[in-house]
Each structure stands twice: as C-alpha cells, then as structure tokens.
Amino acid sequence: MVQDRGLGPTLAAHPFFDDMDPVALETIVGCAANAVFRPGEFIFRQGEAADNFYLVREGRIALEIYVPGRQGGIVVETVEAGEIVGWSWINPPYRWSSDARAAATARVLTLDAACLRNKMEDDRTLGYELYKRFVPVMARRLAACRLRIVELATEPEG
Amino acid sequence: MPDSPLVALAPGVSPVPGEDIHTPRPFRIVQVKREVAGVFTWKLAACDGNPCACRPGQFNMLTAFGVGEVPISVSGDCRNQGELVHTIRAVGPVTRAMENLKRGAVVGVRGPFGRSWPVDEITGYDVLFVTGTIGLAPLRPLILEVLARRQEFGKVVICYGSRGTHDILYEADLHTWRGRFDTNVHVTVHVAPSGYRGRVGSVAAAVRIARIDPLSTQAFVCRSEAMTRPAVDALAERGVTTDRIWTTLERSMKCGVGLCGHCQFGPTFMCKDGPVYRFDTIERLFGMREI
C-alpha cells in the first residue's frame, strides 16, 4: 500500500524552501494543495484578488499583459518548472498585475496566500522566512527585466 | 594591459598569399535571401573562380562600389570554399546600398581577416552557444562545423533570443538543429502574442537551465557589447569560467589589417587580435568605460 506522506516532503525538497524554519514550513504545508492547469487555461487574471501564489512543478506558465486595442494580450515572460509565480499577494493592494496562463500543461503547488497573510501578522518568523525568499526572486526578476530593456535598446532587430 | 597574454588562437586563414590586401577582389552575388526585416544574406562567388577560404569567426571587408566598405562576418559553411556567405543588416548608407543590389551584381571582397573561433582546441568538451538576434550570424559557421564533426564533442546546446516571434534569424536552421537528437536548442523571445507556448524572457534564463557539464563546457557568446557581460555572468553562475568563454567583438573596424587604429581595444586591435577573444584575456578591459 502506498503511503500518502502529504506535500510536506515535496515542499521541503524544493530549493525555494531550502533551510526554512521547520515550524514555518509546517504552516505553509497546511496551506498547500496540488493543482493542474491545461494549456491555455487561465490561472489568474489581471486585477483579480491575489490570494494564492504558485510553485511550478512541471510545465510552463505565461504572464500576459492586456493591451487595449489589441486582440489578446502580450506575453511578457514565461515561468518554468521550479520557479515561483506571483508576488502580488505580498504587496498591497494584493491584486494581480498580469494574467497568468498555462502555456503547456502546468502542474503546480497552490499556496493559499490569503491564509498565509493572516498568519504572518501573528507569526513574524513565518513572515520573515517568506519575505527572505521572495525578495531575492523579485530582485532577480527586476534585474532581468532591466537587462531586457538594455537588450531591446542596444541589440538590433533581426 | 591585461594580466594574461592574449591567447594564441589558430589565426585562421589569411588572404591568398601575394594578394594585395588593400584591393577588393570582385565577387558576383549569386543569391540574395531576405531574412527578417532589414536583414539579408548574400551568397557570393569569386569572379576569377578562385576558392574563398575562410574560417568560422573571421570577417571580410565587403565593398559596394561607389558607396563604401564595411566589415561583415562570414556566416556560411566555411567547408564550402566555392562560395562566400554573408548575412548583412541594413543599418547605414553602405549596407542600405547593399540591400538594393540584386543577383548578378558585383561587389568587392577583401579578406578573410581576423582570428577564428577555436574548433580543434575544444574537442571533447560540451559546447554552448549563447546569442541573440543577428549575433547568430557570426556563430553559424561554427555551429555548422561543430555539428558536421558532432562525434568530437560532448553535449551541444544553442541558446538564442530574439525580440519577437517575427524576427528569429535562420529560423529554418534552428528548427533543423532542434530536430537533431544530439543537439538542444532553446529559443526565447522578449515578447509574444497571447497563447504563445514557447519561452518568453531573456537568453540568460535559458543559459541557467541549459543541460551542460559546466566544468567541461566551452561557451561561445555573440551578443552586443552591452549584453556580453550579462551572458558571461550567467555562465559564471553555472560554473563556466571565463577561460572557457569565447566572444567576438566588432567595433569600428575600417582597414581590417590593424593599421588604421579605429578598432583599437586597449592594447589589441579587434580586426587583427580579434574579433574572437577568449574572455579572460579581455575581462579587465571589458569593464573600462574609457575604452
């Protein structure tokens, strides 16, 4: 009989949660669930309440920005397996700044951010552990975004 | 002065012995292919029928008679000495004039010049190509040679980026290379239409996930100068040290033979000591704003 060990080992083994305080990790496990999104399926839409964030286990998620007057949005970034999708949950007003759509079948761990936000108010260790991990992700993505601006400004078309 | 001496690379093929390196040889355009917007490829054949020897990474000075001369990297298969292939981006008066030339027109060619990519020196290694937009053109001859000698190398990975899905250079070649069982190709674009299923982001992100053995990888970077350092940093994060990273620099080359000084880069001349450099030999120069 296969023993269901829950999502604890999966989260603990993920680099994002490496070396996390065990009590904080246990709290997060309690807010985690598996989810699957089919190709083309929206995970969240721009402007909606950011009450989750996602750990991509397999597949690819496209972040799209709606452009008025243009049919469909523009994909500005894709997030691959092993990466995190969503930090709007941690910044007021907690609204998504883009659409997220599965570019391929995406298997993710959904973390209940609304629940974690409340818990972080009372458990500052939990809050610190999450901020400590999200801030480098945000910094890395901001740096990458700036480099892309430089690239678009300096590398020729074609 | 850099701390380490410039690497004595295989110098590459030189112009035909006895030939005047200052006088363009007449070549006829045998084919013009429109690539992406503003970019076209010439196939050239020497009017005198002589072979056109060159090595991957080298460049020729191409002349549009009556207009001017520009340095253009070789971008075809160097094993085929019966023709020269150059991919050109129309960006200035000379290249715009070239863009209007048709099949059958005669242009001038001086060269080949410059140091070539090291191919024989990297056998046995994994090979990683990092490039974007038209940077693929100078790397293409090297990719073709490596794939022709595939069994001599470890893993072969190509990381290529373009602005969008509309300006992927040599798209057919990328599909062909991706279709090989022994080659990995990662293509990324900066922006794509809604519903696009490929990768959108920076080439550096593709470098981070490339399946290579970083300790046994030789990396070839061909990007704008502004993007070369970020590419090197992404490689360094993976453990590919700068003595195994090669890049090509092309800046203000005019004479092609190290006489005019326009392409001087610290103590080197890009046309003569480059355009191919091992990155550790120029790393300190790269950070200097004054040069």
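What volume does the second largest pocket have? It comes to about 630 Å³, in a predicted model where local features need pLDDT of at least 70, side-chain atom pairs count only at pLDDT 80 or more, and totals for chains, interfaces and linings use all residues. As for bookkeeping, residues are numbered from 1 along each chain as its sequence is written, chains are lettered from A and ligands numbered from 1 in the order in which they are written, and side-chain values use heavy atoms, with hydrogens and water left out.

The second largest pocket is lined by 25 residues, and the closest to its centre are A:Glu83, A:Arg140, A:Arg141, B:Ala205 and B:Arg208. Here a pocket is an open set of points on a 1 Å grid over the protein atoms alone, with protein on both sides within 12 Å along at least five of seven lines, and lining residues have an atom within 4 Å of a point. Grid points are joined across faces, edges and corners, and a volume is the space filled by probe spheres set on the points. Two or more lining residues come from each of β5 (74–80) and α4 of chain A, and from each of β11 (199–200) and α4 (203–209) of chain B. Helices (H or I, at least four residues) and strands (E, at least two) are DSSP runs, numbered from the N terminus. With nine residues, α4(A) has the largest share of this lining. By class, the second largest pocket is lined by 11 nonpolar, four polar and 10 charged residues; Ala, Val, Leu, Ile, Met, Phe, Trp, Tyr, Cys and Pro count as nonpolar, Asp, Glu, Lys and Arg as charged, and the others, Gly among them, as polar.

Then there is the largest pocket, at about 930 Å³. Its lining has 33 residues, with B:Pro71, B:Arg89, B:Ile134, B:Glu250 and B:Arg251 the closest to the centre. In chain B, β4 (68–73), β5 (84–89), α1 (93–99) and α2 each put at least two residues into the lining of the largest pocket, and β4(B) gives the most, with five. The split for this lining is 15 nonpolar, 10 polar and eight charged.

Closed spaces turn up as well: the structure holds three cavities of 30 Å³ or more, a cavity being a set of points where a 1.4 Å probe fits but cannot get out. The largest cavity contains about 60 Å³ of space. Among the residues lining the largest cavity are B:Cys52, B:Cys54 and B:Cys78, and its lining as a whole has six nonpolar, two polar and two charged residues.

On to the helices. In α2 (residues 22–29) of chain A, the residues A:Ala24, A:Leu25, A:Thr27 and A:Ile28 are buried, meaning under 20% relative accessible area, with exposed over 50% and partly exposed in between (1.4 Å probe, protein chains only). These buried residues sit on the same side of α2(A) because they cover an arc of only 155 degrees around the axis, the arc being that of the directions from the helix axis to the C-beta atoms. Turned away from that buried side is a face with the exposed residues A:Pro22, A:Val23 and A:Glu26. The cover over the buried residues of α2(A) includes α1 (8–13), β1 (32–37) and α4 (124–154) of chain A. At the N-terminal end of α2(A), A:Asp21 acts as a cap, with a side-chain oxygen 3.2 Å from the backbone nitrogen of A:Val23.

Helix α6 (residues 279–286) of chain B is mostly covered, with six of its eight residues buried. Those buried residues are B:Phe279, B:Asp280, B:Thr281, B:Ile282, B:Leu285 and B:Phe286.

The backbone has a few oddities too. The peptide bond from A:Pro92 to A:Pro93 is cis, with omega near 5 degrees, and A:Pro93 is in the loop between β6 (84–85) and β7 (99–102) of chain A. Another cis peptide bond runs from B:Gly111 to B:Pro112, with omega near 10 degrees; B:Pro112 lies in strand β6 (residues 106–113) of chain B. A:Tyr94 is not a glycine, yet has a positive phi of about 60 degrees, and it counts as partly exposed at 30% relative accessibility. B:Tyr170 has a positive phi as well, near 50 degrees, but B:Tyr170 is buried, with a relative accessible area of 6%.

Methods
Contact means heavy atoms within 4.5 Å. A polar contact is a pair of N or O atoms within 3.5 Å; within protein, one must be able to donate a hydrogen and the other to accept it, and residues adjacent in sequence count only if both atoms are side-chain atoms.
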